[in-house]
Amino acid sequence: MNGAVVVTTFLAAGIEVIEMVAIVVAVGGTRSWRAALLGAAGGLGVLAVLVLVFGTALQYVPLAPIRLVVGALLLVFGLQWLRKGVLRVAAQGWAVGQGDEQVDDADVPADRFDWTGFVLSFKGVSLEGLEVAVIVVAFGGAADALGSAVVGAVAAVVVLAALGAVTYRWVARIPRRALQLFVGAMLSAFGTFWSVEGLGVRWPGDELSLLWLIALYALAGVGLLQLVPGWRKDPAMAGGPGGGAGMSGEVR
Amino acid sequence: MIVVRWVRAFVEFWVDFIVGDDWTVAAAVAAALLVTWGLHRAGIDAWWLLPIVAVAATAVSIRRAARPSRR
């Protein structure tokens, strides 16, 4: 066992696994835990097949186009949630959906499987999992210690998934509306980071950029929230005497 | 018929996933990615462009949705 390879792979894979777990917990907390966990299992299943089929050839898989597509999809979906989150909190307040209170969300089906939650979780886990697999193959191959690299990566997945499971109760305590807004900001940040990275552009500070991107989108959401009441009353936007109550946009 | 229904549901799912309630946000993101790619090819790492466009497009979309409806 090569201790240096175990630790290095644990740390490098850990960064990717944090992103993976964050998406699964976010999707589970705001949409459906069943869909999020099945999506994660599906992503890990596809990844296992890819590792078995390609083995060490995985390091030659072009990650850039996958990052671009997955990132762009996550970004447009995250922005939709940020938009809905702002409009809903503006209309209903922050505290809706606290504890066990049921929230009527037209975009989260109550009577059938939540495929959107499944796809979000699946994409996050399969992309990040692929990156973990490439790290394992690259670090393990370079040091001729593939077994040690696998141990480091598996340890990162187990430890961080356990931490994610512990946060479940904490996430469940956050009011649903507030969580939707923050998850929208988080998905937008991941989507922005991956899609731009997929174009070959380097982020200053690499993965650390995710922190300021999440802060930027969250602050933008909170800032927009302050502006919505003024926009609702703005007579210049009302189109004359006919303007009045109600919003032209959807807030469910 | 079942296949047609399944294909239609599949297409509707992805349209709803990408476009959502306001197609202009997805269009702005696509345009920003294209410009970022063009600038990258020209030697400029425009990592700052997409977050700016994404926030601006979302703000415009929310402003449009929040305005008092005409009757």
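Chain A of this predicted model comes with a mean pLDDT of 81, and 87% of its residues reach 70 or more. That confidence is not spread evenly over the elements of chain A: helix α7 has the highest mean pLDDT, at 90, while helix α8 (residues 235–238) has the lowest, at 51. There is also a stretch to treat with some care, since pLDDT stays under 50 over residues 237–247 of chain A. For that stretch, the model has 18 contacts beyond four places in sequence.

Chain B has a mean pLDDT of 88, with 94% of its residues at 70 or more. Among its elements, helix α2 (residues 23–41) comes out highest with a mean of 96, and helix α1 (residues 2–19) lowest with 79. As for the complex taken as a whole, the predictor gives an ipTM of 0.90 and a pTM of 0.75.

Within chain A, one helix pair to look at is α6 (residues 176–198) with α7 (residues 209–233). Their axes sit 8 Å apart and meet at an angle of about 135°. An angle between 115 and 145 degrees falls outside the parallel, antiparallel and perpendicular ranges, so α6(A) and α7(A) are oblique to each other. The crossing of α6(A) past α7(A) is right-handed. On the α6(A) side, the residues in contact include A:Leu181, A:Phe182, A:Ala185, A:Met186, A:Phe190 and A:Phe193. They face a set in α7(A) that includes A:Leu210, A:Leu213, A:Ile214, A:Tyr217 and A:Gly221. Sorted by type, the residues of this contact come to 12 nonpolar and 5 polar, with no charged ones.

Turning to chain B, the make-up is quickly told: 3 helices and 0 strands, in the order α-α-α along the sequence. The radius of gyration of chain B is 17 Å, well over the 11 Å that the globule rule gives for 71 residues, so chain B is more spread out than a compact globule. Its C-alpha trace spans about 50 × 40 × 15 Å along the principal axes.

Inside chain B, α2(B) packs with α3(B) at an angle of about 160°, with 9 Å between the axes. Anything over 145 degrees counts as roughly antiparallel, and α2(B) and α3(B) are therefore roughly antiparallel to each other. The crossing here is right-handed. From α2(B), the contact draws on residues including B:Val25, B:Ala28, B:Val29, B:Ala32 and B:Leu33. From α3(B), it takes in B:Leu49, B:Leu50, B:Val53, B:Ala57 and B:Ser61, among others. The contact of α2(B) with α3(B) holds 11 nonpolar residues, 4 polar and no charged.

The two chains also bring helices together. Helix α3 of chain A (residues 63–92) packs with helix α3 of chain B (residues 49–66), their axes 10 Å apart and at an angle of about 40°. That angle makes α3(A) oblique to α3(B), and the crossing is right-handed. Chain A contributes A:Leu75, A:Leu79, A:Leu82, A:Arg83, A:Val86 and A:Leu87 to this contact, and chain B contributes B:Ala54, B:Thr58, B:Ser61, B:Ile62, B:Ala65 and B:Ala66. By type, the residues divide into 9 nonpolar, 2 polar and 1 charged. Helix α3(B) thus turns up in both settings: B:Ala54, B:Thr58 and B:Ser61 are among the residues in contact with α2(B), and these three also meet α3(A).

Conventions. Residues are numbered from 1 along each chain as its sequence is written. Chains are lettered from A and ligands numbered from 1 in the order in which they are written. This is a predicted model: local features need pLDDT of at least 70, side-chain atom pairs count only at pLDDT 80 or more; totals for chains, interfaces and linings use all residues. Axes are lines fitted to C-alpha atoms, for helices over the stretch in contact, and angles run from 0 to 180 degrees between N-to-C directions. Helices (H or I, at least four residues) and strands (E, at least two) are DSSP runs, numbered from the N terminus. Angles under 35 degrees count as roughly parallel, over 145 as roughly antiparallel, 65 to 115 as roughly perpendicular and the rest as oblique. A crossing is left-handed if the near helix is turned anticlockwise from the far one by less than a right angle, and right-handed if clockwise. Two residues are in contact if their C-beta atoms, placed from the backbone, lie within 7 Å. Ala, Val, Leu, Ile, Met, Phe, Trp, Tyr, Cys and Pro count as nonpolar, Asp, Glu, Lys and Arg as charged, and the others, Gly among them, as polar. pLDDT is the predictor's confidence in each residue, from 0 to 100. The radius of gyration is taken over C-alpha atoms; the globule rule is 2.2 Å times the number of residues to the power 0.38.
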